[in-house]
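Let us walk through this structure step by step. Keep the sequence and the 3D view side by side.

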Amino acid sequence: MHVVVCVKQTPDSAAKMGVENGKVTWGEAGLVVNPWDEYAIEEAIRLKEKYGGKATALSMGPESAKEALKTCLAMGCDEAILLSDATLKGSDALATSYALAKAIQKMGDVDIVLFGKQAIDGDTGLVPIGLARRLGWAPLTYTIKIAELDVAAKTIRAERLLEQGRQIVTGQLPAVIGTVKDINEPRYPSFMGIRKASKANIPTWSAADIGCEPEKIGPTGSAMRWPTVYPLPTREGSVELLAGTPEEIATQLADKLLADKVI
Amino acid sequence: MTNKIWVFIEQFKGVIAQSSFEALGEARKLTADLGGGVTALLMGQGVSELAQAVIAHGADEVLVAEDATLAEFRSEAYTAVLVKLAQEHKPEVILAGATTRGRDLLGMASIDLGSGAIADAIALKVVNGVVNATRPVYAGKLLSTVMCDERRPQLISLRPRAFPKPEPDSARTGTVTAVSAALAEDALPTKVVEYVVDENRVSLADARIIVSGGRGVGGPEGFAPVRELAETLGGALGASRAAVDAGWIPYAHQVGQTGKTVGPDLYIACGISGAIQHQAGMRTSKVIVAINKDPDAPIFKLARYGVVGDLFKIVPALSAEFKKRLGK
């Protein structure tokens with residue numbers, strides 16, 4: 001079985017984000033594997049360990065995204081591929097899902113593509129469902145458990161975490177699976193894994209390598225524009241500290257919250 | 001079906017999602033700039049009786065697709081209906097709630113329609129006939145203005161509770177038109193087997209009041225007073241990542257960057273220091289109350305009311321007080 005996990009390199013979730021001259025900044029914080037993707041990477045490795053075959057990590061991004069791919073290799077992915085090209089820059093979900101679909105099609109033998117729920121930079125969560133549509137594969141977004149997988153029969157039974165609870169679905173492979181946090185506990189890269197990954201030669205595929213039509217990628221292939229990014233307005237006012245015995249505090253707070261009409 | 005603004009009405013077991021009503025309210029506001037009326041698309045099985053409530057909340061026309069293949073939301077089946085109708089009637093804007101279903105539906109439809117999807121908008125404004133949407137990025141640490149200039153329709157999901165729910169007007173009138181499903185069962189790659197629904201669970205995204213516990217609750221048992229206060233107030237129980245990662249409470253309760261993003265009227269943080277990742281998930285709450293032992297905890301910078309003290313003394317006192325006030 002061939003499992004592909006799509007990852008993105010993002011600023012560390014602890015970073016203090018800012019905007020300078022219209023560009024997003026994250027201070028001294030490093031770039032990491034998108035935290036949601038760690039669960040998808042772990043699931044890819046577990047599937048490979050359980051059912052055999054291989055796990056490939058795929059990232060679309062700048063050259064620096066190879067560091068994120070090295071983390072995938074260090075955790076236990078077998079191969080990694082960087083999809084990188086100046087013409088892919090500025091792609092929205094429409095164009096990104098197109099390019100990823102082209103890369104998956106080039107691999108040819110993929111049974112499952114895994115994603116984290118969303119990337120913590122753009123936060124759209126649109127690429128997994130878009131890729132499923134592009135490929136015409138079963139869309140299993142918000143998956144919290146892969147309950148059964150029959151590689152020979154190419155069937156899957158998954159549990160999806162929706163607003164009202166868990167939805168149990170069955171589907172046919174190939175499938176695109178979006179994961180949520182509770183699906184597993186991601187492992188740490190092993191010492192051996194880190195050593196192996198540091199020496200790995202990660203191939204880069206260009207837009208031409210995967211047969212992208214130039215008008216379907218980058219700003220031309222995108223429907224969306226996001227010309228302005230700005231910091232949140234600061235919350236007005238300062239905290240009003242309440243003091244006294246617990247009962248006195250409770251009385252004061254109840255008065256205030258009822259007056260604010262939030263209860 | 002000639003209206004320019006459409007709204008996807010999400011229902012689960014015959015109950016319309018709050019975010020769909022909020023989208024209807026926002027659709028009506030858009031008609032002031034874009035003209036025309038509001039068309040709503042309602043799908044399911046045995047759901048036609050919900051059409052009147054959809055009209056009362058702002059629709060002029062309701063398209064109802066009823067079929068066994070639509071009984072449960074499946075993105076492929078629902079997308080096929082939406083895309084077919086949109087290709088025929090060419091709406092300018094399609095709104096939905098930014099729920100798991102609304103996000104998937106619009107994301108999938110955007111591929112078929114070759115247009116742009118905007119996920120999780122918190123404000124809309126029409127500029128030169130184009131909807132400019134404000135949406136949080138970097139987990140709410142920054143905001144971005146996004147738009148789909150040329151391609152149509154503009155597919156926009158609205159964050160639950162970011163827009164007011166309109167008051168229903170039972171005197172409103174509108175038309176109800178039946179439309180058909182677009183795919184047969186054997187063309188669908190997934191089947192819904194069952195739901196495991198937690199009847200007692202209040203969805204964090206829809207909650208008006210959230211009471212959350214963090215590292216300061218000290219263990220699974222420490223959530224008992226926090227849970228009691230949430231129940232007293234009819235609110236939902238939240239948690240910080242620290243408490244979830246410690247295994248004290250399931251992930252479904254997590255508020256923050258790798259959990260849920262919420263915006264209730266009242267957020268009471270008990271024993272939560274307020275790491276930047278937690279703030280990202282709750283800072284749009286209308287009123288924030290912080291209860292923490294550490295007077296330097298960052299949560300106090302966000303809070304309107306703060307109590308520096310022991311949550312195990314303060315929280316039970318609050319529950320007792322509210323039980324009295326609310327006559328429970």
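Which residue in S13(B) is the bridge partner of A:Gly165? The partner is B:Val197. The model is predicted, so read every position as a computed one. This pair belongs to a longer run. Strand S13 of chain B covers residues 190-197, and seven bridges join S11(A) to S13(B). The two strands run antiparallel.

Now take the contact between the chains as a whole. Chain A gives 69 residues to the contact, and chain B gives 71. Several elements of chain A each supply at least two residues to the side that touches chain B. Among them are helix H3 (93-107), helix H4 (127-135), strand S9 (138-150) and strand S11 (165-172). Strand S14 (225-231), S15 and H7 of chain A also belong to this group. H7(A) gives the most, with ten residues. By class, the side of chain A that touches chain B has 37 nonpolar, 16 polar and 16 charged residues.

Two sheets take strands from both chains. Start with the open sheet of six strands, which has parallel pairing. Its order is S15(A)-S18(B)-S17(B)-S16(B)-S14(B)-S15(B). The edges are strand S15 (240-241) of chain A and strand S15 (236-239) of chain B. Each edge strand pairs on one side only. How many bridges join S15(A) to strand S18 of chain B? Two bridges do, and the strands run parallel. S18(B) spans residues 305-308. Within it, B:Gly306 stands opposite A:Leu241.

Helices lie across strands of this sheet. Helix H7 of chain A, residues 246-259, lies across three strands of chain B. They are strand S16 (266-270), strand S17 (287-292) and S18. H7(A) runs at about 170 degrees to S18(B). Helix H5 of chain B, residues 223-232, lies across strand S14 (209-213), S15 and S16 of chain B. H5(B) runs at about 175 degrees to S14(B).

Stay with strand S15 of chain B, where B:Ala239 is found. Is B:Ala239 buried or exposed? A residue counts as buried if 20 or more other C-beta atoms lie within 10 Å of its own. B:Ala239 has 32 other C-beta atoms within 10 Å, so B:Ala239 is buried. Leaving out residues up to four places away in sequence, B:Ala239 touches B:Ser212, B:Gly213 and B:Gly214. B:Ala239 also touches B:Val244, B:Ile249, B:His253, B:Gln254 and B:Val255. B:Val47 is a different case: B:Ala239 and B:Val47 are 192 residues apart in sequence and 36 Å apart in space, C-alpha to C-alpha.

The other sheet is an open one of four strands, with antiparallel pairing. Its order is S14(A)-S10(B)-S9(B)-S8(B). S14 of chain A is one edge strand, and strand S8 (123-127) of chain B is the other. Neighbouring strands of this sheet are turned by 25 degrees against each other on average, direction ignored. Inside the sheet, strand S9 (residues 130-137) and strand S10 (residues 142-147) of chain B pair over six bridges. One of the pairings sets B:Thr134 against B:Thr145 in S10(B).

Step back to chain B as a whole. Chain B has nine helices and 18 strands. Its radius of gyration is 21 Å, close to the 20 Å that the globule rule gives for 328 residues, so chain B is as compact as a globular protein of that length. The C-alpha atoms of chain B fill a box of roughly 60 × 45 × 40 Å along the principal axes. Of the 328 residues, 59% count as buried. Among contacts in chain B between residues at least 6 apart in sequence, 66% join residues at least 24 apart.

How does the domain assignment divide chain B? It gives domain 1 (5-187) and domain 2 (204-325). Their C-alpha centres lie 32 Å apart. The contact takes seven residues from domain 1 and eight residues from domain 2. On the domain 1 side, the residues divide into three nonpolar, two polar and two charged.

Finish in chain A, at helix H2 (residues 66-75). This helix is mostly covered, with nine of its ten residues buried. The buried residues include A:Lys66, A:Leu69, A:Cys72 and A:Met75. A:Gly76 follows H2(A), and its phi is positive, near 140 degrees.

Definitions and conventions. Residues are numbered from 1 along each chain as its sequence is written. Chains are lettered from A and ligands numbered from 1 in the order in which they are written. This is a predicted model: local features need pLDDT of at least 70, side-chain atom pairs count only at pLDDT 80 or more; totals for chains, interfaces and linings use all residues. Domain bounds come from an automatic or database domain assignment. Two residues are in contact if their C-beta atoms, placed from the backbone, lie within 7 Å. Ala, Val, Leu, Ile, Met, Phe, Trp, Tyr, Cys and Pro count as nonpolar, Asp, Glu, Lys and Arg as charged, and the others, Gly among them, as polar. Two strands pair if DSSP finds at least two bridges between them. Axes are lines fitted to C-alpha atoms, for helices over the stretch in contact, and angles run from 0 to 180 degrees between N-to-C directions. The radius of gyration is taken over C-alpha atoms; the globule rule is 2.2 Å times the number of residues to the power 0.38. A residue is buried if 20 or more other C-beta atoms lie within 10 Å of its own, exposed if 12 or fewer, and partly exposed in between; C-beta atoms are placed from the backbone.
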